[in-house]
Amino acid sequence: MDAKIAILISGGGSNMQAIHQAILRQDIMAQLTWVASDNANAKGLAYVKASLIPDIILPYQQGKNHAEQYLLALLAQQPIDLLCLAGFMQILSADFINTCQQKYQLPILNIHPSLLPELKGLNTHQRALDAGHQEHGCTVHLVTEQLDDGPILAQSSLDLSSRQGISAQQLQQEVLALEHQLYPMVLKDFAERLMKKQAEPIKAQVEKYAGR
Ligand code: GRF
């Protein structure tokens with residue numbers, strides 16, 4: 001059985017497209033059930049519409065709580081096995097994340113443009129350069145209540161020591177290209193284990209990580 005995946009985006013949606021393309025190639029045994037955005041003008045929505053994937057605008061203009069209740073109602077009506085954040089610029093509340101874990105056993109994955117736990121938050125490429133990091137890259141991790149935290153599933157890196165003078169913008173492009181490889185690769189394995197019930201229940205994975 002294919003895993004039902006949904007993706008949350010805010011902008012370009014290039015990671016969402018990379019995931020969808022991998023699904024179409026049957027690299028990931030999954031269906032892309034719906035894509036939701038907090039931003040009605042997100043560029044990535046044009047691809048979603050053109051691909052005839054159901055698209056949803058989350059009502060964040062009425063507040064985070066309202067938007068998250070809307071999202072929970074959507075999860076109840078159109079159940080999924082896996083929720084992927086891909087350039088989603090809203091911070092999900094602890095309540096929302098806990099409800100997903102406890103009520104739906106729903107794993108939430110995120111991709112972050114740094115080698116976590118280094119450089120949580122925004123502006124990671126400029127910060128990596130400013131700090132003189134020799135290595136930079138991206139991370140796919142399970143989402144927990146803490147921002148850009150949670151068990152790391154995989155990372156992809158590039159060596160900065162031989163890249164003197166690279167701009168933050170160039171670095172962003174290079175890391176984004178790594179993201180487009182990494183996220184589908186992780187999902188291929190994660191979705192397979194999830195559907196074969198080989199994955200540890202999500203709450204246990206998170207608690208183990210938090211040492212609880
Ligand atoms: C990516 O670098 C992602 O890691 C970060 O925001 C960017 C989104 O790019 N959170 P896109 O919307 O997938 O093109």
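**Exercise 1. Polar contacts of the ligand**

Find which backbone atoms of the protein lie beside an oxygen atom of the ligand in this predicted model, and at what distances.

*Solution.* Begin with Gly13, where a polar backbone atom is 2.8 Å from an oxygen atom of the ligand. Then turn to Ile111, whose backbone N or O atom lies 3.5 Å from an oxygen atom of the ligand. A side chain takes part as well, since a polar side-chain atom of Glu179 is placed 2.7 Å from a ligand oxygen. As for how much of the ligand is covered, the ligand taken alone exposes 370 Å², and the protein buries 82% of that. Finally, list the surroundings: the residues around the ligand are Gly12, Gly13, Ser14, Asn15, Gly87, Ile111, Pro113, Leu176 and Glu179.

**Exercise 2. A threonine and a proline**

Locate Thr124, decide whether Thr124 is buried or exposed, and name the backbone oxygen that its side chain reaches.

*Solution.* Thr124 belongs to helix 5, which covers residues 124-130. Its relative accessibility is 2%, so Thr124 counts as buried. From there, the side chain of Thr124 reaches the backbone oxygen of Pro113 at a distance of 2.7 Å. Pro113 is also one of the residues that surround the ligand.

**Exercise 3. The aromatic pair**

Determine how many aromatic pairs the structure holds, and then work out which geometry the rings of Tyr60 and Phe88 adopt.

*Solution.* The count is 1 aromatic pair. The ring centres of Tyr60 and Phe88 are 6.1 Å apart and the ring planes stand at 65°, so the pair is edge-to-face, given that plane angles over 60 degrees fall in that class. Next, place both partners along the chain: Tyr60 sits in the loop between strand 3 (55-57) and helix 3 (64-77), whereas Phe88 sits in the loop between strand 4 (82-85) and helix 4 (94-104), and the pair thereby links distant parts of the chain, 28 residues apart. As a last step, consider accessibility: Tyr60 is buried, with a relative accessible area of 11%, and Phe88 is likewise buried, at 8% relative accessibility.

**Exercise 4. Two nonpolar cores**

Identify the residues of the largest nonpolar core that touch the most other members, and describe what lies in the second core.

*Solution.* The largest nonpolar core has 39 residues, and within this core Ile7, Ile28, Leu109 and Tyr183 touch the most other members. Helix 6 (residues 168-195) supplies the largest share of this core, namely 10 residues. A second core, separate from the one just described, has 23 residues and includes Leu72, Leu85, Phe88 and Ile97. To look more closely at one member of the largest core, take Tyr183, which is found in helix 6 and counts as buried at 0% relative accessibility. The C-alpha atom of Tyr183 is separated by 19 Å from that of Leu45, although these positions lie 138 residues apart in chain numbering.

**Exercise 5. Cysteines**

Establish how many disulfides the model contains, and explain why the sulfur of Cys84 forms no bond with the closest cysteine sulfur.

*Solution.* A disulfide is a covalent bond between the sulfur atoms of two cysteines, and the cut-off applied here is that the sulfur atoms lie within 2.5 Å. For Cys84, the closest cysteine sulfur belongs to Cys100 and is 12 Å away, which is too far for a bond. Cys138 is in no disulfide either, as the nearest cysteine sulfur, that of Cys84, is 15 Å away. The count therefore comes to 0 disulfides. Both Cys84 and Cys138 count as buried, each at 0% relative accessibility.

**Exercise 6. Backbone geometry**

Locate the cis peptide bond, and describe the setting of Leu52 and Gln105, which have a positive phi.

*Solution.* Most residues other than glycine have a negative phi, and most peptide bonds are trans. Against that background, a cis peptide bond joins Leu116 and Pro117, with omega about 10°, and Pro117 is found in the loop between strand 5 (108-112) and helix 5. Leu52 is not a glycine, yet its phi is positive, at about 60°. Leu52 lies in the loop between helix 2 (44-50) and strand 3, where it counts as exposed at 75% relative accessibility. Gln105, also not a glycine, has a positive phi of about 50°. Gln105 occupies the loop between helix 4 and strand 5, and at 40% relative accessibility it counts as partly exposed.

Technical notes: Residues numbered from 1 in each chain as written. Predicted model: local features only at pLDDT ≥ 70, side-chain atom pairs only at ≥ 80, totals over all residues. Heavy atoms only, no water. Phe/Tyr/Trp six-rings, centres within 6.5 Å; stacked < 30°, edge-to-face > 60°. Helix = DSSP H or I, 4+ residues; strand = E, 2+ residues; numbered from the N terminus. Buried < 20%, exposed > 50% of the residue type's maximum accessible area, 1.4 Å probe, protein only. Core = buried A, V, L, I, M, F, W, Y, C linked by side-chain atoms within 4.5 Å. Near = heavy atom within 4 Å. Polar contact = N/O pair within 3.5 Å; in protein donor to acceptor, adjacent residues only side chain to side chain. Areas by Shrake-Rupley, 256 points an atom, 1.4 Å probe, with all protein chains shown as cover.
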